Amino acid sequence: LRTVTGVQTCALPIWGRRVSDAVTVVRSHLARNKRITAVVVALGTNDMLSHGEASYPRAVISSLMAETRGLPVLWLNIAFDGKVRPLQRARAANFNRALVAARSTWATLRVADWSGTFVPRGASRYIADGIHLTTSGYRTRASWTMSRIIEFATWTADRTSTTSSTTSTSSTTSTSSTTSSTSTSSTVPTADTSTSTTAPGS
C-alpha cells in the first residue's frame with residue numbers, strides 16, 4: 001500500500017495475468033479490505049494471446065465487473081505491435097470495443113485509451129515479441145498511467161461528493177414535504193440519510 005501524488009494505491013499480484021485470473025483475486029481482496037474505494041485494471045493482453053472467440057471479451061469483462069461491488073473502475077485498454085502480431089492486434093481491437101460497449105451496462109466503468117494514445121515514433125518501442133515494450137515504451141506507459149489514475153481519482157472524488165450532495169438535498173426535500181402533508185400527526189417519518197462518502201486516499 002503506497003501513496004503517489006495523493007492517491008493511495010494497492011497493487012494486487014495476479015498470477016497468470018489474465019482477466020479471468022483476476023476475478024477471484026478481486027472478489028477476495030474487496031471482501032477483506034473495506035477501505036478500497038476504486039479499482040484500476042490493466043489486463044486483457046494475455047487473454048487475447050489465447051482467446052480468439054468473438055464473445056470472450058464481453059463475457060470476461062462482465063465477470064470481473066460483477067465482482068467490483070459497484071465501485072468506480074478504470075480499465076486501461078490493450079495494444080499489440082500490428083507488424084509482429086496482426087492477429088492479436090485484431091483481437092485487441094475487439095476487446096477494446098467490448099470495453100467501450102460495457103459502459104452501457106456498468107455505469108461505474110471508465111476506459112483509458114492506451115491503444116489510441118501510444119504511437120511508437122522512430123524505432124519501434126515494442127521489443128521483438130510484439131507484446132512487451134522497450135524501456136522507453138514502459139517509461140511512457142508509466143507516466144501516462146499515473147496521469148490517468150490521478151484524473152480518475154479526481155473524477156471518483158467529485159462523483160462521490162455529488163452523490164452525497166444529491167442524497168442530502170433529496171432527504172431534506174422529502175422530510176420537508178412529509179412534514180407539511182402530515183402536520184396533524186404527532187410522529188413525522190424522516191427519510192433515510194445514511195450514505196457513504198469515502199474518497200480515494202482517505
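R27 is partly exposed, with a relative accessible area of 39%. This residue belongs to a predicted model, and R27 is a useful place to start reading it. R27 forms a salt bridge with E67, and the closest N and O atoms of the pair are 3.1 Å apart. E67 sits in the loop between α3 (56-65) and β4 (73-76), while R27 sits in helix α1 (residues 19-32), so the pair ties together parts that are 40 residues apart in sequence. E67 is buried, because its relative accessible area of 18% falls under the 20% limit.

**Salt bridges**

Side chains of opposite charge can pair when their charged atoms come close. In this model the count comes to 3 salt bridges, listed here with the separation of their N and O atoms.

| Pair | N to O distance |
|---|---|
| R18 and D21 | 3.2 Å |
| R27 and E67 | 3.1 Å |
| R148 and E151 | 2.8 Å |

R18, one partner in the pair with D21, is partly exposed at a relative accessible area of 29%. In the pair of R148 and E151, both residues lie in helix α6 (residues 135-181). They are 3 residues apart, which is about one turn of the helix. E151 is partly exposed, with a relative accessible area of 45%.

**Nonpolar cores**

In soluble globular proteins, nonpolar side chains tend to be buried together. Here the largest nonpolar core has 26 residues. The residues with the most contacts inside this core are V19, V41, I61, L64, W75 and F95. At least two residues of the core come from each of α1, β3 (39-41), α3, β4 and α4 (86-102). A second, separate core has 11 residues, including L74, A79, W144 and F152.

Which residues does W75 touch, leaving out those up to four places away in sequence? The list includes V19, V41, I61, L64 and F95, which are also named among the residues with the most contacts inside the largest core. W75 also touches L43, M65, L99, L109, R110, V111 and A112.

**Helix packing**

Helix α3 takes part in two packings described here, one with α1 and one with α4.

The axes of α1 and α3 are 9 Å apart and meet at an angle of about 15°. That makes α1 roughly parallel to α3, because angles under 35 degrees are counted that way. Their crossing is left-handed. On the α1 side the contact is made by V19, S20, A22, V23 and V26, and on the α3 side by Y56, V60, S63 and L64. Of these, V19 and L64 are also among the residues with the most contacts inside the largest core.

For α3 and α4, the axes are 8 Å apart and the packing angle is about 50°. The two helices are therefore oblique to each other. Here α3 passes α4 in a right-handed crossing. The contact is made by P57, R58, V60 and I61 of α3 together with N94, F95, A98, L99 and A102 of α4. V60 of α3 thus appears in this contact and in the contact with α1.

**A backbone detail**

What is the sign of phi at R69, a residue other than glycine? Phi of R69 is positive, near 55°. R69 is placed in the loop between α3 and β4, the loop that also holds E67.

How values were computed:
Residues are numbered from 1 along each chain as its sequence is written. This is a predicted model: local features need pLDDT of at least 70, side-chain atom pairs count only at pLDDT 80 or more; totals for chains, interfaces and linings use all residues. Side-chain values use heavy atoms; hydrogens and water are left out. A salt bridge is a side-chain nitrogen of Lys or Arg within 4 Å of a carboxyl oxygen of Asp or Glu. Buried means under 20% relative accessible area, exposed over 50%, partly exposed in between (1.4 Å probe, protein chains only). Helices (H or I, at least four residues) and strands (E, at least two) are DSSP runs, numbered from the N terminus. A nonpolar core is a set of buried Ala, Val, Leu, Ile, Met, Phe, Trp, Tyr and Cys residues joined through side-chain atoms within 4.5 Å. Contact means heavy atoms within 4.5 Å. Axes are lines fitted to C-alpha atoms, for helices over the stretch in contact, and angles run from 0 to 180 degrees between N-to-C directions. Angles under 35 degrees count as roughly parallel, over 145 as roughly antiparallel, 65 to 115 as roughly perpendicular and the rest as oblique. A crossing is left-handed if the near helix is turned anticlockwise from the far one by less than a right angle, and right-handed if clockwise.
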